[in-house]
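Work through the following exercises with the sequence and the coordinates side by side. Each task is followed by a solution that proceeds step by step.

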Amino acid sequence: MLATITLTTAFIVSGCDVKVKPIEGGKEIAQELERHKIKRLTQQDILNAALKHGDSIVVVAQRLQDTRLVEHLEQGGVAAAMPYCQPENYEEVEALQDKFGAISRRISMKPRNPKNKPDALANDALARYSKGQERNAKVEAINQEELLYTAPIYLRNESCLRCHGTVGQDIAEADYAIIKQKYPDDQAINYKKGDLMGVWQLTFDKSDLVAYLNDQPKKSRRPR
């Protein structure tokens with residue numbers, strides 16, 4: 001009896017074309033799983049990504065700064081333009097920093113804002129750029145958790161001389177009085193077009209950057 005049932009079942013199964021219904025949205029699910037798959041990133045991959053995204057932040061910041069400074073200088077002079085001379089604080093720039101896991105500063109040998117005074121790391125970078133040992137953006141590991149991106153800041157536009165040139169020649173005496181009122185210890189004058197003014201310093205959180213590269217939620221949120 002058991003043999004008969006087995007043979008009958010086998011006959012029925014072999015005679016039927018069993019069709020498996022495809023999973024709805026299966027292709028999209030597979031693509032989404034592939035997209036979220038953790039990539040194996042080498043240290044060089046991470047350094048290259050920090051360089052690429054550091055460049056993106058700096059380019060956006062400088063383009064926005066050029067546009068906004070010219071616009072406000074034309075509309076209201078130096079007093080109106082001064083609040084826009086901190087591109088690292090622009091909303092668009094902060095959004096990019098959050099996206100890539102970076103915190104940016106601009107530092108200078110002759111700072112106007114005391115917040116732009118260099119620390120030990122920045123002093124090192126400033127020395128390399130000022131001596132011509134370094135001319136392009138660079139990324140290096142600070143430690144196991146952080147990467148340092150640096151890029152030179154040159155005085156590129158004639159309009160910048162209205163705040164950073166020579167007093168009485170490029171900078172009106174009345175305008176410099178406004179600058180000194182806000183920044184009594186200002187040193188950021190006597191520049192000429194093409195001079196090195198300082199350095200962009202972006203500190204990348206390595207785990208945040210890797211999370212971005214893998215399209216994963218960021219694991220750390222550092223306070224600004």
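## Exercise 1: A salt bridge beside strand S1

Asp119 has a relative accessibility of 32% and therefore counts as partly exposed, in a model that is predicted. Task: determine which side chain Asp119 meets in a salt bridge, and where in the chain the two partners lie.

Solution. The partner is Arg105, whose side chain meets that of Asp119 with an N to O distance of 3.7 Å, inside the 4 Å cut-off for a salt bridge. Arg105 belongs to strand S1 (residues 102-107), whereas Asp119 sits in the loop between S1 and helix H5 (120-130), so the pair ties together parts that are 14 residues apart in sequence. Arg105 is partly exposed as well, at 23% relative accessibility.

## Exercise 2: From one pair to a network

Task: describe the salt bridge between Glu140 and Arg128, and state which residues form the network that shared partners create.

Solution. The side chains of Glu140 and Arg128 come to 3.4 Å, N to O. Because Glu140 lies in strand S2 (residues 138-141) and Arg128 in helix H5, the pair ties together parts that are 12 residues apart in sequence. Glu140 is partly exposed at 27% relative accessibility, while Arg128 is buried, with a relative accessible area of 14%. Through salt bridges that share partners, Asp124, Arg128, Glu134, Lys138 and Glu140 are joined into one network.

## Exercise 3: The surroundings of Glu88

Task: decide whether Glu88 is buried or exposed, and identify a polar contact of its side chain.

Solution. Glu88 is placed in the loop between helix H3 (43-81) and helix H4 (91-100). With a relative accessible area of 9%, Glu88 is buried, since the limit for that class is under 20%. Its side chain makes a polar contact of 2.8 Å with the side chain of Arg106. Beyond its neighbours within four places in sequence, Glu88 is in contact with several residues, among them Val93, Asn116 and Trp200.

## Exercise 4: Cys85 and Cys163

Task: explain why Cys85 and Cys163 are not bonded to each other.

Solution. The cysteine sulfur closest to that of Cys85 is in Cys163, at 6.5 Å, which is too far for a bond, because a disulfide requires sulfur atoms within 2.5 Å. Seen from the other side, the sulfur closest to that of Cys163 is in Cys85. Cys85 is partly exposed at 24% relative accessibility, whereas Cys163 is buried at 13%. A search of the whole structure accordingly gives 0 disulfides.

Definitions and conventions. Residues numbered from 1 in each chain as written. Predicted model: local features only at pLDDT ≥ 70, side-chain atom pairs only at ≥ 80, totals over all residues. Heavy atoms only, no water. Buried < 20%, exposed > 50% of the residue type's maximum accessible area, 1.4 Å probe, protein only. Helix = DSSP H or I, 4+ residues; strand = E, 2+ residues; numbered from the N terminus. Polar contact = N/O pair within 3.5 Å; in protein donor to acceptor, adjacent residues only side chain to side chain. Contact = heavy atoms within 4.5 Å.
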